[in-house]
Amino acid sequence: MGASSVGSLLTGAVVLCAGVAVWLAGGRRAGARRARLLLAGGGVVGTGPPGWDRARRELHRLRDRLAAEWWAPAAGLLLAALSASVLPVVAGAAAVPVLRRARRARTARRARERRADAVIALCGALAGEVRAGRQPGEALLCAARDSGGFGAAEAAVLAAARFGGDVPGALAAAARRPGAEGLRGLAACWRVAVDQGAGLAAGLDRLEAALRADRDQRCDLRAQLAGARATAVMLAGLPVLGLLLGTAMGADPLHVLLHTGAGLGCLVVGGVLEGAGLWWASGIVRRAEAA
C-alpha cells in the first residue's frame with residue numbers, strides 16, 4: 001500500500017470520526033427540540049417517511065449502549081488494518097478499562113453535583129414554606145415536591161416527616177450519599193428548631209447561603225483549572241497530530257513505529273512518558289480541587 005493510499009485512508013477515517021462525533025452531539029439535543037415543539041404546539045414533530053421515527057429511536061438507543069470506551073478498540077482495529085500490525089488492537093483493548101473508569105468517574109461527579117444542587121433547592125423551598133406558616137413536617141413534604149426531590153433516600157425522609165418519625169436521623173442517613181452532605185446541616189437546623197424552638201427559616205437561609213457559596217467556589221476553581229486540563233489534553237494529542245502530518249508528507253510513520261526495532265523502542269518510551277505526563281497533570285488538578 002503506497003503512501004498516497006494510506007493518506008487517503010487516514011483522511012477518510014478522520015472524516016468518518018468527525019461525522020460520528022457530530023451525530024453523537026446532535027442526537028442529545030433531539031429530545032429537547034422535540035419537547036419545545038410539543039410545548040409550543042409548533043406543527044408536526046415527526047418528519048420523514050413512515051417508520052423513520054422508530055428507526056431513529058433505535059439508532060439513538062444503539063448509540064447510548066455503545067459507551068465511549070468501545071471506540072478505542074475500533075480505532076485500534078482501524079490502525080491495525082492500516083499498519084498490518086496487531087499492536088494497535090492490543091493498545092485499544094488495554095485502553096477500555098481506563099476509559100470506562102474515567103467515564104464512570106465523570107458520571108459520578110455529575111450525579112454528585114446534581115444532588116448538591118437539589119439539596120440547595122430543598123433548603124430554599126423549605127425556608128419559604130416555613131415562612132408561609134406551614135408546620136415543619138408539612139413544609140418538608142411540600143418543599144421536596146416543589147424542589148424536585150434530592151435523591152434515592154428521599155422516600156425515607158418523607159416517610160419520617162409524614163408519620164412523625166425521626167426526621168433528623170433520616171436526613172443524616174441521606175447525607176451519606178456523595179453530594180448530599182448539606183443534609184447534615186438541614187438535620188442540625190431541624191433538630192435545633194423542633195427541640196429548642198429556634199427559628200427554622202433563619203437557619204435554613206444561612207445553610208442555603210453557605211451551600212451556595214461552597215458550590216460557587218467549586219465552580220470558580222473548576223473554571224480556573226479548565227485551562228490546565230485543556231493544555232494537558234492538547235499536549236497529549238500532539239503525537240497523533242505528528243503521525244498525521246508525517247503521513248500527509250509522504251512518510252510512513254506507522255510502519256517505522258510498529259515494524260522496526262528502533263520504532264518500537266521509541267513507541268514504548270513515548271507511551272510511558274505520555275501516560276506519566278497525563279497522570280502527573282491529572283494529579284495536580286485533583287489535588288487542587290481537593291484543596
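The legends below describe close-up views of a predicted model.

**Figure 1. Overall make-up of the predicted protein, as context for the close-ups.** The secondary structure comes to 12 helices and 0 strands, and the pattern read along the sequence is accordingly α-α-α-α-α-α-α-α-α-α-α-α. Of the 291 residues in the protein, 28% are buried. Among contacts between residues at least 6 apart in sequence, 54% join residues that are at least 24 apart. The protein exposes about 18100 Å², and carbon and sulfur atoms supply 65% of this area.

**Figure 2. Packing of helix α5 against helix α6.** Helix α5, which spans residues 87-131, and helix α6, which spans residues 136-147, pack with their axes 8 Å apart and at an angle of about 135 degrees. That angle makes α5 oblique to α6, and α5 passes α6 in a right-handed crossing. On the α5 side, the residues that meet α6 are A121, L122, A125, L126, E129 and V130; on the α6 side, they are P136, A139, L140, C142, A143, A144, D146 and S147. By class, the residues of this contact divide into 11 nonpolar, 1 polar and 2 charged.

**Figure 3. Packing of helix α5 against helix α10.** Helix α10 covers residues 200-248, and its axis lies 9 Å from that of α5, at an angle of about 155 degrees. Because an angle over 145 degrees counts as roughly antiparallel, α5 is described as roughly antiparallel to α10. The crossing in which α5 passes α10 is left-handed. From α5, the contact takes in E113, A116, D117, V119, I120, C123, G124, L126, A127, V130 and R131, which meet L200, A201, L204, D205, L207, E208, L211, R212, R215, R218 and R222 in α10. This contact of α5 with α10 has 12 nonpolar, 1 polar and 9 charged residues.

**Figure 4. Surroundings of L204 in helix α10.** With a relative accessible area of 0%, L204 is buried. Leaving aside residues up to four places away in sequence, L204 touches C123, L126, A127, L186 and C189. Of these neighbours, C123, L126 and A127 also appear among the α5 residues in the contact of α5 with α10, to which L204 itself belongs. The C-alpha atoms of L204 and G185, two residues that lie 19 apart along the chain, are separated by 8.6 Å.

**Figure 5. A236, also in helix α10, and the residues it touches.** When residues up to four places away in sequence are not counted, A236 touches E274 and L278. A236 and G277 are 41 residues apart in sequence, and the distance between them in space, C-alpha to C-alpha, is 8.3 Å.

**Figure 6. Packing of helix α7 against helix α8.** Helix α7 runs over residues 154-162 and helix α8 over residues 167-174, and the two pack at an angle of about 175 degrees with their axes 9 Å apart. That angle makes α7 roughly antiparallel to α8. In this contact, A156, V157, A160 and A161 in α7 meet V167, A170, L171 and A174 in α8. Sorted by class, the contact has 8 nonpolar residues, with no polar and no charged residues.

**Figure 7. A175 in the loop between helices α8 and α9.** This loop residue precedes helix α9, which is assigned to residues 182-196. A175 counts as buried, since its relative accessibility is 1% and the cut-off for buried is under 20%. Apart from residues up to four places away in sequence, A175 touches A180, E181, L183 and R184. A175 and A187 are 12 residues apart in sequence and are separated in space by 9.1 Å, C-alpha to C-alpha.

**Figure 8. Backbone conformation at A84, in the loop between helices α4 and α5.** Helix α4 covers residues 71-83, and A84 lies in the loop that leads from it to α5. Most residues other than glycine have a negative phi. At A84, by contrast, phi is near 55 degrees, a positive value in a residue other than glycine. A84 counts as exposed, its relative accessibility being 64%.

Conventions
Residues numbered from 1 in each chain as written. Predicted model: local features only at pLDDT ≥ 70, side-chain atom pairs only at ≥ 80, totals over all residues. Heavy atoms only, no water. Helix = DSSP H or I, 4+ residues; strand = E, 2+ residues; numbered from the N terminus. Buried < 20%, exposed > 50% of the residue type's maximum accessible area, 1.4 Å probe, protein only. Contact = heavy atoms within 4.5 Å. Areas by Shrake-Rupley, 256 points an atom, 1.4 Å probe, with all protein chains shown as cover. Axes fitted to C-alpha atoms, helices over the stretch in contact; angles between N-to-C directions. Parallel < 35°, antiparallel > 145°, perpendicular 65-115°, else oblique. Left-handed = near helix turned anticlockwise from the far one by under 90°. Nonpolar A, V, L, I, M, F, W, Y, C, P; charged D, E, K, R; others polar.
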